[in-house]
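Me: I have a model open and want the reasoning behind its labels. Take me through them one at a time.

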Amino acid sequence: MEAFISDRIIAIYCLCDDLLKALHHHKDPQRQMSDAKVITTAITAALFFHGNFETARAYLKDNGMIPSMLSKSRFHRRLHRIRDLFLTLFSTLGEIWKQLNADSIYIIDSFPIPVCDNYRIRRCRLYRSPEYRDYIASKRRYFYGLKIHVLATANGEPVEVFLTPGSASDVACLEGFQWDLPPGATVYVDRGYNDAAFEAVAAQDGEFAVQPMRQANMKNNFHPGFVICNKFIASGSRR
């Protein structure tokens, strides 16, 4: 397991370093820790340590991967300073994954990102509005936080993502996607994204096809969709 994590971290660093070099990113010669290492530390925290930067910092320093690790305060200042590089990295990877997606099949889904439990809502300082509270039907519990909407390939590589308050409906968030997809692409969407008007516009333009999951009690103003859509999205979600 340790070898697997180390190989992944090394691959992440090489990718970040090559990207910054391709962008001709300015590197201060006086810095002992490069921006590529800062990005690698943040991604390592998200992938392996549940977003805990302190655990990721300690792991990379103790294992000798980044011996010149910054202190807690300096690391966070550098991280906020280069936040735009994360968007550049994600958009570049999204374009690469779209080019490698020969089948042009995509999936849209959303999931909650809780920032605290219900009993801590009054003490939460990040978000104070009721619009951040919503119900998770699959877990039968309420959560307080954000909701992330993801457009991904059939293999699970995300090509577009954005955040909304927790109570935002999936249908209303369809307009948040840029829909920069190859011609002839097929998009499978979850039950929460059923929108007859949007599907009609997409079919009329002909740039991409929307294949939604249907519920048995839905009205007749929706076309049936495909039966395989349920199985396809269920398998894609597990990836």
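Reply: Start with the origin: this is a predicted model. The protein averages a pLDDT of 83, and 88% of the residues score at least 70.

Me: Which element gives the most to the lining of the largest pocket?

Reply: Helix 5, with 7 residues. Helix 5 spans 83-100. Other elements that each supply at least two residues include helix 1 (2-22), helix 2 (35-48), strand 3 (141-153) and strand 4 (158-165).

Me: How much space lies in the largest pocket, and which residues lie nearest its centre?

Reply: About 1800 Å³. The lining has 41 residues, and Ala46, Leu47, Phe90, Ile148 and Pro158 lie nearest the centre.

Me: What makes Ala46, Leu47, Phe90, Ile148 and Pro158 nonpolar?

Reply: Ala, Leu, Phe, Ile and Pro are all on the nonpolar list, so each of the five counts as nonpolar. The whole lining of the largest pocket divides into 27 nonpolar, 9 polar and 5 charged residues.

Me: What is the volume of the second largest pocket?

Reply: About 320 Å³. Of its 14 lining residues, Ser110, Pro112, Ile136, Ala137 and Ser138 are the closest to its centre.

Me: Which strand gives the most to that second lining?

Reply: Strand 1, with 4 residues. Strand 2 (133-136) and strand 3 each supply at least two. The lining of the second largest pocket divides into 6 nonpolar, 2 polar and 6 charged residues.

Me: Why are helix 3 and helix 4 called roughly perpendicular?

Reply: Their packing angle is about 110°, with the axes 11 Å apart. Angles of 65 to 115 degrees count as roughly perpendicular. The value falls in that range, so the label for helix 3 and helix 4 is roughly perpendicular.

Me: Which residues make that contact?

Reply: Helix 3 brings Phe53, Glu54 and Arg57; helix 4 brings Lys72, Phe75, His76 and Leu79. They divide into 3 nonpolar, 1 polar and 3 charged.

Me: What makes His76 polar rather than charged?

Reply: The charged class holds Asp, Glu, Lys and Arg. His is on neither the charged nor the nonpolar list, so His76 counts as polar.

Me: Which element has the lowest mean pLDDT, and which the highest?

Reply: Helix 7 has the lowest, at 38, and helix 3 the highest, at 95. pLDDT is the predictor's confidence on a scale from 0 to 100, so those means rank confidence in the elements. Over residues 224-239, pLDDT stays under 50. The model has 27 contacts beyond four places in sequence for that stretch.

Me: Where does helix 7 enter the pocket account?

Reply: Helix 7 (228-238) supplies at least two residues of the lining of the largest pocket.

Methods: Residues are numbered from 1 along each chain as its sequence is written. This is a predicted model: local features need pLDDT of at least 70, side-chain atom pairs count only at pLDDT 80 or more; totals for chains, interfaces and linings use all residues. Side-chain values use heavy atoms; hydrogens and water are left out. On a 1 Å grid over the protein atoms alone, a cavity is a set of points where a 1.4 Å probe fits but cannot get out, and a pocket is an open set with protein on both sides within 12 Å along at least five of seven lines; lining residues have an atom within 4 Å of a point. Grid points are joined across faces, edges and corners, and a volume is the space filled by probe spheres set on the points. Axes are lines fitted to C-alpha atoms, for helices over the stretch in contact, and angles run from 0 to 180 degrees between N-to-C directions. Contact means heavy atoms within 4.5 Å.
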